[in-house]
Amino acid sequence: MRLSQVDLNLFVVFDAIYTEKNLTRAAEVLCITQPAVSNALNRLRKTFDDQLFVRTPDGMMPTPVAENIVGRVREALQLLNMSVQEGDKFTPETSEKIVACSMNDLGETLILPPIMSHLQRLAPNMTLTSYYVPREDMAKELAAGSLDFAIDVPLVADNNLCHAPLSGEDYVCVVRPDHPAVRNELSLEQYLALGHINVSSRRKGQGIVDHALNGMGLNRNIKVRVQHYMVGAKIVANTDLVWTLPIRLARQLDFKILPLPFDVPALNWHLFWHKSADDDHANRWLRNLFLHGIQDGIALIDEVE
């Protein structure tokens with residue numbers, strides 16, 4: 001079977017079915033009818049001599065053949081899309097692009113304010129949407145184009161992704177200003193004896209602080225685990241619990257800031273994007289905005305301090 005004998009639009013349908021796992025939702029995404037999606041799937045099955053997707057209680061699940069080709073199909077679709085747009089000059093002042101970025105609650109709190117300040121000034125018609133994509137799904141979302149960028153720690157290993165360091169965040173400890181047991185310093189023994197707040201988007205598992213303590217053969221007394229950093233701030237203000245968090249966020253809150261009595265590696269954030277978008281004009285401009293805008297935001301905070 002030669003490529004000239006295949007309708008390339010079928011691969012767009014293939015990608016939509018793979019992403020949505022449902023023929024009706026794929027049709028809605030593509031703005032075509034469900035019978036048209038079914039017809040395209042039948043043609044794809046004949047082309048590859050394989051079922052490609054099998055109906056299950058969890059939706060249309062890909063066969064091994066579909067899993068083997070999805071990466072190349074998505075990369076090809078990205079390249080075709082870029083080729084269509086390559087001749088267009090990107091003008092941030094007039095662009096109405098919707099930028100999709102994955103980051104967690106802390107990333108939104110620290111990164112979005114300086115980025116939005118620059119975006120409003122330089123590209124006032126752009127829109128930024130932020131939501132968290134689990135690390136194991138990040139590469140797939142970036143390849144599909146449903147994400148433009150992801151901000152995470154550099155633990156994602158995928159040859160199809162590019163990344164660059166954004167910033168490093170040192171950790172400190174905070175308590176409410178009138179805490180009855182904590183003065184201006186905190187010993188390791190006191191730190192371990194106090195109750196702690198742990199903020200994490202995951203149901204369970206350890207973070208950087210606990211890994212550092214475990215390396216010393218120690219554990220802290222976690223009294224509450226929550227998903228959002230602003231909730232952590234509310235709890236600190238109304239309890240005697242202590243909270244270990246990045247210093248840039250601590251400086252924005254009205255708490256007593258104390259150095260940690262043990263060493264914790266800095267929280268290093270990286271900006272991720274798909275390699276197929278590496279030469280895209282809009283992606284390149286936005287990468288520079290993120291990489292330089294974050295540093296501008298940190299410098300501004302340091303000047304205020």
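Two strands count as a pair here if DSSP finds at least two bridges between them. Keep that in mind for this one, which is a predicted model.

Take strand 8, residues 195-199, and strand 10, residues 242-246. The two run parallel, and two bridges join them, so they meet the cut-off of at least two for a pair. Within strand 8, H196 sits opposite V242 of strand 10.

Now the sheet around that pair. It is open and has five strands, in the order 9-8-10-7-11, with mixed pairing. At the edges are strand 9, residues 221-226, and strand 11, residues 256-258; each has a single partner strand, so one side of each has no neighbour in the sheet. On average, and ignoring direction, neighbouring strands in this sheet are turned by 35° against each other.

Next, what packs on it. Helix 9, residues 229-238, lies across strands 7, 8, 9 and 10, where strand 7 is 171-175. Relative to strand 10, helix 9 runs at about 145°.

Last, two backbone points toward the N terminus. Which residue is found in the loop between helix 1 and helix 2? That is K21, with helix 1 spanning 9-20 and helix 2 spanning 23-30. K21 is not a glycine, yet its phi is positive, near 60°. Its relative accessibility is 24%, so K21 counts as partly exposed, given that buried means under 20% and exposed over 50%.

The other is C31, in the loop between helix 2 and helix 3, the latter being 34-48. C31 also is no glycine and has a positive phi, about 60°. With 70% relative accessibility, C31 counts as exposed.

Technical notes. Residues are numbered from 1 along each chain as its sequence is written. This is a predicted model: local features need pLDDT of at least 70, side-chain atom pairs count only at pLDDT 80 or more; totals for chains, interfaces and linings use all residues. Side-chain values use heavy atoms; hydrogens and water are left out. Helices (H or I, at least four residues) and strands (E, at least two) are DSSP runs, numbered from the N terminus. Axes are lines fitted to C-alpha atoms, for helices over the stretch in contact, and angles run from 0 to 180 degrees between N-to-C directions. Contact means heavy atoms within 4.5 Å. Buried means under 20% relative accessible area, exposed over 50%, partly exposed in between (1.4 Å probe, protein chains only).
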